[in-house]
Amino acid sequence: MNPAPRLLAALALASLVAAASAETGDREKPINFSADRGDLNYETKVGKLDGSVVLTQGTITVRADRLTFRQNPDNSMQVTAFGNPVSFRQKRDGSDEYYEGFAQRIEYDGAKDLLELFDRALLKRGTDEIRSNYISYNSKTELFTAEGRPDAPAATAGPGARVRGMFQPREGAGVPGKAPEKASPKGSVPAKAPAALRPAGEPPSK
């Protein structure tokens with residue numbers, strides 16, 4: 001079957017092997033929440049929150065209009081959140097950078113370190129970003145998948161109609177094949193110019 005008519009076109013991209021993963025100590029921290037209304041079961045560790053919801057665990061922060069969550073056996077969270085948009089933020093392990101996700105709906109499984117963004121999705125990691133209709137991101141392996149809607153009508157095309165993104169240049173990376181310029185040693189004297197290059201009538205330097 002020709003994949004062109006399909007609603008979603010998948011694109012899998014991998015980040016640097018040496019990149020840091022998500023903050024590993026988050027699941028050892030307590031889960032805190034606030035909302036306008038809530039239905040909570042402290043026995044099963046399941047909650048339903050509604051109205052200006054803020055849910056945190058360690059460096060993780062979820063802001064939504066409404067969400068449901070539960071505490072996994074390993075103390076991590078499993079969250080389904082809705083908003084306009086929902087925002088998700090988590091610190092990367094061994095780095096001062098955060099990765100952030102924005103969408104109309106998110107699914108987060110802390111046991112799998114998996115974040116899924118649905119509808120008008122935006123994923124930012126440092127200064128890199130990607131926009132699409134759907135994005136899944138594994139914060140442990142730092143692999144993500146983005147799916148756009150290439151067949152969306154032009155009149156309705158917007159964020160998510162196509163996979164779009166930007167990777168900033170790596171720090172310290174130079175132009176391929178070009179050797180870096182070397183600075184003259186401190187206190188060194190520039191070489192004398194050949195006689196043919198000295199202005200007429202100028203005597204040779206001593």
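This report walks through the fold, confidence, core and one buried polar residue of a predicted model.

## Overall architecture

Let's start with the big picture. The chain has 206 residues, and 30% of them count as buried. Its secondary structure consists of 11 strands and zero helices, so reading from the N terminus gives β-β-β-β-β-β-β-β-β-β-β.

Contacts across the sequence are worth a look too. Among contacts with a separation of 6 or more, 43% link residues 24 or more positions apart. On the outside, the chain exposes about 13400 Å², with carbon and sulfur atoms supplying 53% of that area.

## Where to trust the model

The mean pLDDT of the chain is 76, and 63% of the residues reach 70 or more. Confidence peaks in strand S5 (residues 60-71), at a mean of 97, and is lowest in strand S1 (residues 9-14), at 38. Residues 1-21 have a pLDDT below 50, yet this stretch has 41 contacts in the model beyond near neighbours in sequence. Residues 153-158 also fall below 50, and beyond near neighbours in sequence that stretch has zero contacts in the model.

## The nonpolar core

The largest nonpolar core holds 27 residues, and Val62, Leu67 and Ile106 are the ones that touch the most other members. Several strands give two or more residues to this core: S4 (46-57), S5, S6 (77-91), S7 (98-109), S8 (114-125), S9 (128-138) and S10 (143-148).

Ile106 makes a good place to zoom in. Leaving aside neighbours within four places in sequence, Ile106 is in contact with Val62, Val79, Thr80, Ala81, Val86, Phe88, Leu115, Glu116 and Leu117. Val62 thus appears in that list as well as among the residues that touch the most other core members.

## A buried glutamine

Now for a polar residue that deserves a friendly second glance. Gln57 sits in strand S4. Is Gln57 buried or exposed? With a relative accessible area of 2%, Gln57 counts as buried because that value is under the 20% cut-off.

What surrounds this side chain? Not counting residues up to four places away in sequence, Gln57 touches Asp26, Arg27, Lys29, Pro30, Ile31, Asn75, Ser76 and Met77. Of these neighbours, Asn75 also offers a polar partner: the backbone oxygen of Asn75 lies 2.8 Å from a polar atom of the Gln57 side chain.

Notes. Residues are numbered from 1 along each chain as its sequence is written. This is a predicted model: local features need pLDDT of at least 70, side-chain atom pairs count only at pLDDT 80 or more; totals for chains, interfaces and linings use all residues. Side-chain values use heavy atoms; hydrogens and water are left out. pLDDT is the predictor's confidence in each residue, from 0 to 100. Helices (H or I, at least four residues) and strands (E, at least two) are DSSP runs, numbered from the N terminus. Contact means heavy atoms within 4.5 Å. A nonpolar core is a set of buried Ala, Val, Leu, Ile, Met, Phe, Trp, Tyr and Cys residues joined through side-chain atoms within 4.5 Å. Buried means under 20% relative accessible area, exposed over 50%, partly exposed in between (1.4 Å probe, protein chains only). Accessible areas come from the Shrake-Rupley method with a 1.4 Å probe; for residues, only the protein chains shown count as cover. A polar contact is a pair of N or O atoms within 3.5 Å; within protein, one must be able to donate a hydrogen and the other to accept it, and residues adjacent in sequence count only if both atoms are side-chain atoms.
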